[in-house]
Structure formats: C-alpha cells, structure tokens
Amino acid sequence: MDYFVHESSYVDADVKIGEGTKIWHFCHIQKGARIGKNCSFGQNVNISNNVIVGNDCKVQNNVSIYEGVELEDGVFCGPSCVFTNDLTPRARYPKGRDGYKKTLIREGASIGANATIVCGHIIGKYAMVAAGAVVTKDVPDYALVAGVPAKVIGRVDEKGKSIAKGNR
C-alpha cells in the first residue's frame with residue numbers, strides 16, 4: 001500500500017487510491033471511488049460510490065462528495081463545503097443514480113468553507129468560490145464568485161491572485 005489510511009477510516013472494496021494520498025480520521029471511501037495521487041482528505045470526509053477525484057486534490061474536514069460529482073486535478077474543497085446531486089430530493093421517493101445531476105469541478109478550482117455547489121453545474125478551471133457562496137449556475141474559468149446566489153465579482157490567476165478583468 002503506497003498511500004495512508006488512518007485506522008479510524010473505512011475504505012470499501014473496489015476502490016482505487018493513488019500513491020501518496022492521505023486519508024485521515026473518520027473518513028469513508030465508498031465502493032467504486034477513484035482517487036488520484038497525492039490527495040489529502042481531512043477528518044470526517046465521505047467519498048460516495050463511483051466518485052472520481054483527480055491528482056493533488058485537497059478535501060478539508062467535514063466534506064461529503066456525492067455520486068455524480070467529479071473533481072479534476074488540483075481541486076481544493078474548503079471545510080464543510082457542500083455538494084448536492086439531486087435537484088428535487090424526497091426521502092420517500094429516491095431517484096437513485098439515474099436521477100443524479102452531474103457536477104464537474106475543473107482543474108485547480110477552489111471552493112471556500114461552507115460554500116454550497118448546487119448540482120448540474122461546472123466550476124471552471126482555476127475558478128474560486130468564496131466561503132459561504134451558493135453556486136446555482138456554471139462558473140467561468142478563472143472567475144471569483146461570491147454571494148447567494150454566487151455572482152462573478154472578479155478574476156483570479158492560477159495561484160488565486162486577483163487579476164484585472166479582461167486578462168486571461
């Protein structure tokens with residue numbers, strides 16, 4: 001095994017985990033998940049069935065990544081950020097995986113603490129979602145979004161530094 005799993009965490013059968021990845025306390029990696037190299041999963045992270053996580057991703061404490069969500073390489077998920085996968089959930093009438101909406105977080109994007117990503121959208125390359133924002137539509141590459149609902153308030157470069165509008 002060329003990755004680390006804390007003894008308090010669970011990794012189901014049929015999971016692939018890349019070299020150098022670290023899975024910390026009280027995590028659950030569910031069946032069919034595919035996790036890349038050099039990722040870090042903080043305390044109490046849940047990776048649901050068939051989720052794809054790219055290389056070099058960092059998922060902070062208390063994040064659940066549900067089926068239908070995909071993270072490309074280098075994505076950062078801040079503490080307690082939220083992903084949905086069903087626009088009209090019902091406890092008594094679950095739709096199952098055929099009813100899930102796909103969500104794609106593109107390379108290098110960052111999602112701030114307590115942000116909510118409503119399913120069915122794409123967060124663009126190197127985009128930055130501010131803490132507490134609620135994303136209800138696609139976010140362009142290199143955009144900085146904030147608010148409820150999230151709106152573009154600026155642009156950032158690959159390192160997260162603010163850049164003038166029109167660049168890139």
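## A walk through the sheet, its loops and its core

Let's start with Pro149, which sits in the loop between strand 21 and strand 22; strands here are DSSP E runs of at least two residues, numbered from the N terminus. The peptide bond leading into Pro149 from Val148 is cis, with omega near -5 degrees. Before going on, keep in mind that this is a predicted model, in which local features need pLDDT of at least 70 and side-chain atom pairs count only at pLDDT 80 or more, while totals for chains, interfaces and linings use all residues. Residues are numbered from 1 along each chain as its sequence is written, and side-chain values use heavy atoms, with hydrogens and water left out.

The same hairpin has another feature to look at. Four residues separate strand 21 and strand 22, and in this hairpin Gly147 takes a positive phi near 100 degrees. The two strands run antiparallel and pair over four bridges, where pairing means that DSSP finds at least two bridges between the strands. Across that pairing, Ala146 stands opposite Lys151 in strand 22.

Now step outward from the hairpin. On one side, strand 21 (residues 143–146) pairs with strand 19 (residues 128–129) in the parallel sense, over two bridges, and Val129 stands opposite Val145 there. On the other, strand 22 (residues 151–156) is joined to strand 23 by two antiparallel bridges, and Val156 has Ser162 of strand 23 as its bridge partner. Zoom out, and these strands belong to an open sheet of 10 strands with mixed pairing, ordered 1-4-7-10-13-16-19-21-22-23. Its edges are strand 1 (4–5) and strand 23 (162–163), each of which pairs on one side only.

What about the interior? The largest nonpolar core has 38 residues, and Phe41, Ile65, Leu71, Phe83, Ile123 and Val129 have the most contacts inside it. Such a core is a set of buried Ala, Val, Leu, Ile, Met, Phe, Trp, Tyr and Cys residues joined through side-chain atoms within 4.5 Å. Strand 12 and strand 21 each supply at least two residues of this core. Phe83 is a good place to look: leaving out residues up to four places away in sequence, Phe83 touches a list of residues including Val63, Ile65, Leu71, Cys77, Ile105 and Ile117.

The cysteines are quick to deal with. With a disulfide taken as a pair of cysteine sulfur atoms within 2.5 Å, the count comes to zero. Cys81 has the sulfur of Cys77 as its nearest cysteine sulfur, 4.5 Å away. Cys81 is buried at a relative accessible area of 2%; buried means under 20%, exposed over 50% and partly exposed in between, using a 1.4 Å probe and protein chains only. Cys119 is also at 2% and buried, but its sulfur is 15 Å from the closest cysteine sulfur, in Cys81, so the gap is too far for a bond.

Next, the charged pairs. The whole structure holds four salt bridges, each a side-chain nitrogen of Lys or Arg within 4 Å of a carboxyl oxygen of Asp or Glu. One of them joins Arg97 to Glu67, with the closest N and O atoms 2.9 Å apart. Arg97 is in the loop between strand 14 (82–83) and strand 15 (103–105), and Glu67 in the loop between strand 11 (64–65) and strand 12 (69–71), so this pair ties together parts 30 residues apart in sequence. Arg97 is exposed at 54%, whereas Glu67 is buried at 12%. Another salt bridge links Glu72 and Arg106 at 3.1 Å, N to O. Both residues are in loops, and the pair ties together parts that are 34 residues apart in sequence.

Glu67 also turns up beside Ser48. Outside its neighbours within four places in sequence, Ser48 contacts Gln30, Ala33, Ile65, Tyr66 and Glu67, with contact meaning heavy atoms within 4.5 Å. Ser48 lies in the loop between strand 8 (46–47) and strand 9 (52–53), and is buried at 8% relative accessible area.

Finally, two backbone oddities. Most residues other than glycine have a negative phi, and most peptide bonds are trans. Asn44, however, has a positive phi near 65 degrees and is found in the loop between strand 7 (40–41) and strand 8. Asp56 has a positive phi near 60 degrees, in the loop between strand 9 and strand 10 (58–59). Asn44 is partly exposed at 39%, and Asp56 is partly exposed at 46%.
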